[in-house]
Amino acid sequence: MAPILKISDLHKHFGPLEVLRGISLDVDPGQVVALVGASGSGKTTLLRCVNALEDYHKGSISLGDEQIGYQDLNGRRVRLPESRVARQRAELGMVFQSYNLFPHMTVLDNVALGLVYVQKKSRAEAERIALSWIERVGLADKVKSYPFQLSGGQQQRVAIARAVAMQPKVMLFDEVTSALDPELIGEVLAVMQNLARSGQTMLVVSHEMMFVREVAHRVVFMDGGVIVEQGPPEEVLVRPRTERLQTFLTRFRGVLR
Amino acid sequence: MSFALPQLLRGLGVTLEIGAIVVTAGSLAGFVVGLSLLYGGFAVRLAARLYVDTIRGLPVLVLIFVIYFALPAFGLRFSAFQAGITALSIFATAHIAEIVRGGIDSIPRAQMDAAKAVGLTFWQRLHLVILPQAVRRMVPSWVNVAVEIVKGSALLSLLGIIDLLLAMQNVVGVTFSPLPFYGLTAFLYFAVNFTISRIGGLMERRFAYLKY
């Protein structure tokens, strides 16, 4: 099976600081891949590169057979025009650590926005789709609420609905539970677990090791801008081969056992 | 009084006309310059920055005199009204550009990221996500500029434009009773500016549900 997302030899630096030093990673359709690692290891930057929110200096990212954000012109890598990049981003869904809902719109409008303006659906059709997703994340009674009226967990569930409603080929989750109170984490993870079960391709940056172990098909451990180790969760998380991963996992010993 | 009032009202009309034209022109041009400050290429950004900083550093009166008295030497001749409108508009544009830039800049970058992630194009992101939030933050400063313009329009009486101020001076010159007419004129300026402030207050309340 051909990978839906293909990252090859990705390099990025912020000034002299090398954040990504040759990342190659394939994600197959329907797969859930978890990126784990200490903060500063480049996970979030990698995710942002995939959605063309960051430039990078070398390598390539392809969704299906289309390169994201850039094209090769006579052997030179050139940034795609803004409108093309926007269309590519519509094929990817992203959920952020800080929810980033649009504060001036109701829950319904947040979710329907992309359906109306990017996918050019009729208002009625968009609201129907948005509503069904809002119901699926368990917030049918909050349709007319504004984000500031919701708890963090509820906001994050709306953010997931907003992304998934566009039927993206790949969903990107960037530490989506890190800003939440502990008692609200569960409701968000439950929504993600349902998504994974429904066959949604997902690339997930997370520190929730229990969740990663249960839901991910493959775990990728990053450190210092490179992939150190990867494989099925029961191997990578339970029998880490490298010392770096062993050290990282000692923090989660209580959870993983 | 039957002689004075029509004159004063005609002057008030001129002042309101100047204010309306300048605030409209300054808002439109200021919006474009403000966007240039944020999203222009290097050359555009530099030009916009030079314009804004230069104009904001000059007294309006200097600007008015340069355009009315100095430009004719270079073959650019304006009527007093055109010169006055142009000078005030150039002034308003610079100030509103900075307000637009600041307002947009104050919206968290994450909002732009989220709008990108939804797949919106640049202009959609601006008009659907960023501006509805930024405009509310621009309103108080925008009201300040509008009020400054109405007050600054009195300077155009120096070019012989019969606005509210000059109309009052004419009336006083004939009636020799300064106090009531100074008082009335001051009240009219105040009434105009108070109305602008109230409209600003209403606009702020209109967007008050925005919270972070």
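How many salt bridges does the rule find across the interface of chain B and chain A? The answer is two, and the close-ups below start from there. Keep in mind throughout that this is a predicted model.

**View 1. Chain B meets chain A.**
The contact draws on 25 residues from chain A and 22 residues from chain B. Interface size is often quoted as the accessible area lost when the parts come together. Here the area buried between chain B and chain A is about 2000 Å², and carbon and sulfur atoms give 66% of that area. Six residue pairs are in polar contact between chain B and chain A, with both residues at pLDDT 80 or more. On the side of chain B that touches chain A, H5 and H6 of chain B each put in at least two residues. H5(B) has the largest share of that side, with eight residues. Sorted by class, the chain B side of the contact has 13 nonpolar, five polar and four charged residues.

**View 2. A salt bridge from Arg125(B) to Glu82(A).**
Side chains of opposite charge can pair when their charged atoms come close. In this view, Arg125(B) and Glu82(A) form a salt bridge, with 2.9 Å between the closest N and O atoms. Arg125(B) is worth remembering for the next view, since it turns up there too: it is among the residues nearest the centre of the largest pocket.

**View 3. The largest pocket, with lining from both chains.**
Now for the open space: the largest pocket has a volume of about 510 Å³. Its lining takes in 25 residues, and the ones nearest the centre are Tyr39(B), Arg109(B), Met112(B), Lys116(B) and Arg125(B). Which helices supply at least two residues each to this lining? From chain A there is helix H2 (82-89). From chain B there are helix H1 (4-39), helix H4 (80-105), helix H5 (109-118) and helix H6 (122-152). The largest share, four residues, comes from H5(B). By class, the lining of the pocket splits into 13 nonpolar and 12 charged residues, with no polar ones.

**View 4. The largest cavity, lined by residues of chains A and B.**
The structure has two cavities of 30 Å³ or more, and the largest cavity holds about 90 Å³ of space. From chain A, its lining residues include Arg89(A), Leu92(A), Met94(A), Arg162(A) and Met166(A). Chain B adds Ala114(B), Ala117(B) and Val118(B). At the level of elements, strand E8 (92-95) and helix H5 (152-164) of chain A each supply at least two residues of the lining, and so does H5 of chain B. The class count for this cavity is nine nonpolar, one polar and two charged residues.

**View 5. The second largest cavity, lined by chain A residues.**
This cavity has about 50 Å³ of space. Among its lining residues are Glu175(A), Thr177(A), Met192(A), His207(A) and Phe211(A). Helix H6 (182-197) and strand E10 (202-205) of chain A each supply at least two residues of the lining. Sorted by class, the lining comes to six nonpolar, four polar and one charged.

**View 6. A salt bridge inside chain A.**
Over all chains, the rule counts 20 salt bridges. One to zoom in on joins the side chains of Lys58(A) and Asp9(A), at 3.5 Å from N to O. The pair links distant parts of the chain, with the two positions 49 residues apart in numbering. Lys58(A) is in strand E4 (residues 58-63) of chain A, while Asp9(A) is in strand E1 (residues 5-14) of chain A.

**View 7. Chain B as a whole, for orientation.**
What does the secondary structure of chain B come to? Eight helices and zero strands, so to speak an α-α-α-α-α-α-α-α run from the N terminus on. Along the principal axes, the C-alpha atoms of chain B fill a box of roughly 70 × 45 × 20 Å.

Technical notes:
Residues numbered from 1 in each chain as written. Chains lettered and ligands numbered in written order. Heavy atoms only, no water. 1 Å grid on protein atoms, 1.4 Å probe; cavity = no way out; pocket = protein on both sides within 12 Å on 5 of 7 lines; lining within 4 Å. Points joined across faces, edges and corners; volume = space filled by probe spheres on them. Nonpolar A, V, L, I, M, F, W, Y, C, P; charged D, E, K, R; others polar. Contact = heavy atoms within 4.5 Å. Buried area = accessible area lost by both parts, 1.4 Å probe. Salt bridge = Lys/Arg side-chain N within 4 Å of Asp/Glu carboxyl O. Polar contact = N/O pair within 3.5 Å; in protein donor to acceptor, adjacent residues only side chain to side chain.
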